[in-house]
Amino acid sequence: MGGGIAQLAAMSGHDVVLFDTSPIAMKQAGERLHKALDVMVEKGKITDTGAKDVVTHIKNASLFDDFKGCDLVIEAIIEDIAIKQEIFRTLESKLPADCILATNTSSLSVTSIASACKNAERVIGIHFFNPATIMPLVEIAPGIATNEQVTKTCRTLIDSWKKTTVITKDTPGFIVNRVARPFYGEAIRIYEEGIADTATIDWAMKEIGGFKMGPFELMDFIGNDVNYKVTETVWTQLFYDPRYKPSLTQKRLYEAGYWGKKKGRGYYDYSAGAVMPQPNKDKKLGDEIFMRIISMLVNEAYDALYLKIASKEDLELAMTKGVNYPKGLIQWGSEIGLDKILKKLEDLQHTYGEDRYRPSLLLKR
């Protein structure tokens, strides 16, 4: 992620300092950069001279002191609050007061990270999606103490990198990783109950819902280690709200090292010669699966709007640009019929007796 952000900034004409404590990680970042630029040259998206120019804009660093002179530093390390706070404490001591300190966290509190600094006003969340050079969305997440001008400056800068920016409240998971939780969580619940297998659920969401990838395919693509940890973080930071509760299925795959494509095994087996399971293409079953998951997603979007996590426009942009949904969820809910969405949720809540299915107050209104 850090290497991708560095490439993006360099391609926009900025001088970039790239730092990691691991020499191996630095070497790999350099190899990925050259490979990515070679592909762009082959496709005619950049000239050979342009590719060389991008490389000259990036300087590898081995000390935090090498950041002196930078106007913006973006941290993109492991999702560990204690380590992030230590990094920001160190950065603040090394950098001038007008340097903006940003975190690429996907699920942790920007305000909590900023609390490690004496001047929390210059700390902000700038959340890219992987791969940063390709995915169009960037979530700009000011903490409680973030200076308004810092927010404006960062949004203007990232917009100039030809990205689509949205402003989100500093809440667990921000927009995308909060609103998208049911796409995975409810799919797993349906699977655990034996209503349908992974292939059938993926088929239903692609064939009937129009999603480019089904939930299990997408989890395997993202990495089940990442998806589980984000789910767990959102759940715990929202004080164990049952709507975001992780499943034992997620936890067991995480523990087994079945992290998806990168490990050769996840919800599906990606080893050589493995046969992918075939879905049950029963239309009635597929409709039921789709309606259950989409109702949960629409509810989540309406709740985010009700809680003023983001504007309606930014909520719709985030889900279409950040996770490539076929439509914005608020628009989608209106097309299906909010009365139908509400009835589905109330039926589920009555059947299961769980607060997991409680309808948003805004949806009820």
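**Exercise 1.** Against which helices do the buried residues of H9 pack?

*Solution.* The model examined here is predicted. Step 1: identify the buried residues of H9, which are Thr198, Ala199, Thr200, Ile201, Asp202, Trp203, Ala204 and Met205. Step 2: find their partners. These buried residues pack against helix H8 (181-192), helix H10 (215-222) and helix H13 (283-306). Step 3: draw the conclusion. Helix H9 covers residues 198-207, and because eight of its ten residues are buried, the helix is largely enclosed by the rest of the structure.

**Exercise 2.** Determine how H9 and H13 are oriented to each other, and state which residues meet.

*Solution.* Step 1: choose the quantities. Two packed helices are described by the angle between their axes and by the distance between the axes. Step 2: read the values. The axes of H9 and H13 come within 9 Å and cross at roughly 75 degrees. Step 3: classify the angle. Angles of 65 to 115 degrees count as roughly perpendicular, and H9 and H13 are therefore roughly perpendicular to each other. Step 4: list the residues in contact. From H9, Thr200, Ile201, Trp203, Ala204 and Met205 meet Lys283, Leu285, Gly286, Ile289, Phe290 and Ile293 of H13.

**Exercise 3.** Describe the salt bridges of Asp65 and Asp225, and classify the accessibility of the residues involved.

*Solution.* Step 1: consider Asp65. Its salt bridge is formed with Lys94, and the closest N and O atoms are 3.4 Å apart. This pair links distant parts of the chain, 29 residues apart: Asp65 lies in the loop between strand S2 (58-61) and S3, and Lys94 lies in helix H4. Asp65 is partly exposed at 33% relative accessibility, and Lys94 is partly exposed at 31%.

Step 2: consider Asp225. Its partner is Lys262, with the closest N and O atoms 2.9 Å apart. Here too the pair links distant parts of the chain, 37 residues apart: Asp225 belongs to helix H11 (residues 224-237), and Lys262 to the loop between helix H12 (248-256) and H13. Asp225 is buried, with a relative accessible area of 13%, whereas Lys262 is exposed at 51%.

Step 3: turn to shared partners. Salt bridges that share partners join Glu186, Arg189, Glu193, Arg292, Glu354 and Arg356 into one network.

**Exercise 4.** Which residues form a nonpolar surface patch with about 260 Å² of accessible area together?

*Solution.* Step 1: name the members, which are Ile77, Ile78 and Ile83. Step 2: locate one of them. Ile77 is found in the loop between strand S3 (72-75) and helix H4 (81-94). Step 3: classify Ile77. With a relative accessible area of 36%, Ile77 is partly exposed.

Notes
Residues numbered from 1 in each chain as written. Predicted model: local features only at pLDDT ≥ 70, side-chain atom pairs only at ≥ 80, totals over all residues. Heavy atoms only, no water. Buried < 20%, exposed > 50% of the residue type's maximum accessible area, 1.4 Å probe, protein only. Helix = DSSP H or I, 4+ residues; strand = E, 2+ residues; numbered from the N terminus. Contact = heavy atoms within 4.5 Å. Patch = residues over 30% accessible without salt bridge, like charges linked within 9 Å, V, L, I, M, F, W, Y side chains within 5 Å. Areas by Shrake-Rupley, 256 points an atom, 1.4 Å probe, with all protein chains shown as cover. Salt bridge = Lys/Arg side-chain N within 4 Å of Asp/Glu carboxyl O. Axes fitted to C-alpha atoms, helices over the stretch in contact; angles between N-to-C directions. Parallel < 35°, antiparallel > 145°, perpendicular 65-115°, else oblique.
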